[in-house]
Amino acid sequence: MLEGLRSPASPRAAASTSVAGSSGPAACPPPSPSAPRSPESPVPRRGGVRASVPQKLAETLSSQYGLIVFVAGLLLLLAWAVHAAGVGKSDLLCFLTALMLLQLLWMLWYVGRSSAHRRLFRLKDTHAGAGWLRGSITLFAVITIILGCLKIGYFIGFSECLSATEGVFPVMHAVHTLLQVYFLWGHAKDIIQSFKTLERFGVIHSVFTNLLLWANGVLNESKHQLNEHKERLITLGFGNITTVLDDHTPQCNCTPPTLCTAISHGIYYLYPFNIEYQILASTMLYVLWKNIGRKVDSHQHQKMQFKSDGVTVGAVLGLTALAATIAVVVVYLIHIGRSKTKSESALIMFYLYAITLLMLMGAAGLAGIRIYRIEEKSLDESKNPARKLDSDLLVGTASGSWLISWGSILAILCAEDHPRYTWYNLPYSILVMVEKYIQNLFIIESIHREPEKLSEDIRTLRVVTVCNGKPVASSCLKSGGVAGDVAPRGRDMPPAAKGNVCMREGCGKEEEKQEESSWGGSPSPVRLPRFLQGNAKRKVLRNIAAFLFLCNISLWIPPAFGCRPEYDNGLEEIVFGFEPWIIVVNLAMPFSIFYRMHAAASLFEVYCNI
């Protein structure tokens, strides 16, 4: 009785006992809280708990600072959009320029400090800042710089009646874009462990600066789309809807006029790429902010490898969908607004095309989910900011199109008069919701599935327990690999622990049943069909991922370049009213557009990891 309460013979034995007791389901019960503490056992320090309080406080303070800046910027955007008295575009641009300048100073300080200490070892998050993501943001950044050059040319043409801020803003934005891309290429994976409070404020300032630049681009692009939409409504027979244009064209002549017209039209075709750049930059910076002071997990992210073999079917179907999308968009933009008959035929064509594509995408997603469900495998639940943000963005941005779809369904059900093309809108709206629901399930399960090698290691895991008393179960070593791993440890153990190693392994039928029940498995697990085993399963999943990747790019093109039936069919505006429905579409459409690009990026990662 006294031997059970006695402390081990040496500190080494005490350490062995504590380690073994925490490594799995122990055969011996843990000591009660009322048991006397050994003199050698360490006393928990309160300083470790208190040290995390200032970090949490700094995170809360920095996030509130970012929200205050973001709300102030949104109010300025709203004031300019509704022509508030005393608030002009120059005030908004001055505010955005000041935010970019402050971010530039912080990035220069961070890059300079990192260069001065480049020989020091720095922790990295292997999930953040993937190569394909940095390549995408570089492409969008190049187009954003071209957009800035067009804005500079626009300012030069209308220099007589534009304020100097409209010339300074595109120059500052181009410089900001160049340095930010350089910063993200070199430091997106950093896990900052020094100057953490200051860095939190700097990174969160960068996040909300990019979000405000994104909102500014969305507002400018939405105003242009709204003006075109108002001009088309008359051709569809909705004369009772106001067509007063909300145009901010300068009240002076541009020289030369032909060049100015080309520049003004070209600017709006580049806005979708600028919008994608700003939101991608803000998400990468947000991951950097979440990683400040984080402890790195021991599990390392597998390096993605792009393989193009065995995906002919998915690539051909996806490229066919992409070519059909471009053709549909061109025909739609040519016919919409020309006459009532041509507009209705363009809407019907778009709905038929979209219904077919969404049905194929939903079927492909269901096939992929079915393959995953047949092969039961645990998911990787490691807490990583980049992976969690991917899942949250998929679900959050999908809600934008769900809002529009529900509005269209209610309008169709409640409308008194139903033009012929509106009945195609009903299955289209339903399929938009169902397809995104299925696709989100497929992507999230694909991203969170454990690698093949990790699952095999889990199956061969054996629990080793060191006890002070008698062994509970006899030692059964059937696997040579496991025995070899355990034998050296037994030789290094202290005398007090030798001979008391209890290894649980499936030796008898009773132990096999207990092991199966503990892992939640069944005696006869369902296996994949023969034609889906091994490399064949990977090829099928790669074809599905490649097809969905190209289809999401295809569905990103129509709304990004002006093909928006939610604007042009006119039925929802009669039921809900012109201004309420336009507000809903302008708020939800940017999230719907971003969803397609983010889903394509996630599917590319899925393809490389299969």
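**Met172 and Thr165**

I started at Met172, which sits in helix H6 (helices are DSSP runs of H or I with at least four residues, strands are E runs of at least two, and both are numbered from the N terminus). This is a predicted model, in which local features need pLDDT of at least 70 and side-chain atom pairs count only at pLDDT 80 or more, while totals for chains, interfaces and linings use all residues. Residues are numbered from 1 along each chain as its sequence is written, and side-chain values use heavy atoms, with hydrogens and water left out.

Is Met172 buried or exposed? Met172 counts as buried because its relative accessibility is 17% (buried is under 20% relative accessible area, exposed over 50%, partly exposed in between, with a 1.4 Å probe and protein chains only). I then looked up what Met172 touches beyond four places in sequence, and got Thr97, Met100, Leu101 and Leu104 (contact means heavy atoms within 4.5 Å). Met100 is 72 residues from Met172 in sequence, yet their C-alpha atoms are 7.5 Å apart.

Thr165 is in H6 too. Thr165 has 19% relative accessibility, so it counts as buried. Setting aside residues up to four places away, Thr165 touches Ser90, Leu93 and Cys94.

**H5 against H6**

Next I checked how H6 packs on H5. The axes of H5 (residues 131-157) and H6 (residues 165-187) come within 9 Å and cross at roughly 165° (axes are lines fitted to C-alpha atoms, for helices over the stretch in contact, and angles run from 0 to 180 degrees between N-to-C directions). H5 and H6 are therefore roughly antiparallel (under 35 degrees counts as roughly parallel, over 145 as roughly antiparallel, 65 to 115 as roughly perpendicular, the rest as oblique). Their crossing is left-handed (the near helix is turned anticlockwise from the far one by less than a right angle; clockwise would be right-handed).

Which residues make the contact? From H5 I noted, among them, Arg134, Ala141, Ile145, Gly148 and Phe155, and from H6 residues including Glu166, Phe169, His173, Leu178 and Trp185. The residues of this contact come to twelve nonpolar, seven polar and three charged (Ala, Val, Leu, Ile, Met, Phe, Trp, Tyr, Cys and Pro count as nonpolar, Asp, Glu, Lys and Arg as charged, and the others, Gly among them, as polar).

**H16 and its partners**

I moved on to H16, beginning with H9. The axes of H9 (residues 312-335) and H16 (residues 535-560) come within 7 Å, crossing at roughly 10°. That makes the two helices, H9 and H16, roughly parallel. On the H9 side I found Gly314, Gly318, Leu322 and Val329 among them, meeting H16 residues including Asn543, Phe547, Leu550 and Pro558. By class, this H9 contact with H16 has 14 nonpolar and six polar residues, and no charged residues.

Then I turned to H19 (residues 578-609), whose axis comes within 8 Å of the H16 axis, with a crossing of roughly 160°. H16 is thus roughly antiparallel to H19. H16 passes H19 in a left-handed crossing. Where H16 meets H19, I listed Arg542, Phe549 and Trp556 among the H16 residues, and Met589, Arg596, Phe604 and Tyr607 among those of H19. The class split for H16 with H19 is 19 nonpolar, one polar and two charged. Ala546 of H16 is listed in the contact with H9, and Ala546 is listed in the contact with H19 as well; Ile553 likewise appears in the H9 list and in the H19 list.

**Trp402 and Ala215**

Two more single residues went into the notebook. Trp402 is in helix H11 (residues 385-414). Its relative accessible area is 21%, so Trp402 is partly exposed. Trp402 contacts Val395, Val432, Met433, Lys436, Tyr437 and Asn440, leaving aside neighbours within four places. Ser592 lies 190 residues from Trp402 along the chain, with 8.7 Å between the C-alpha atoms.

Ala215 belongs to helix H7 (residues 196-233). With a relative accessible area of 12%, Ala215 is buried. Ala215 touches Leu74 and Leu77, not counting residues up to four places away.

**Whole chain**

Last, I pulled the totals. I got 19 helices and two strands, and 46% of the 610 residues count as buried. Of the contacts with a separation of 6 or more, 87% are between residues 24 or more positions apart.
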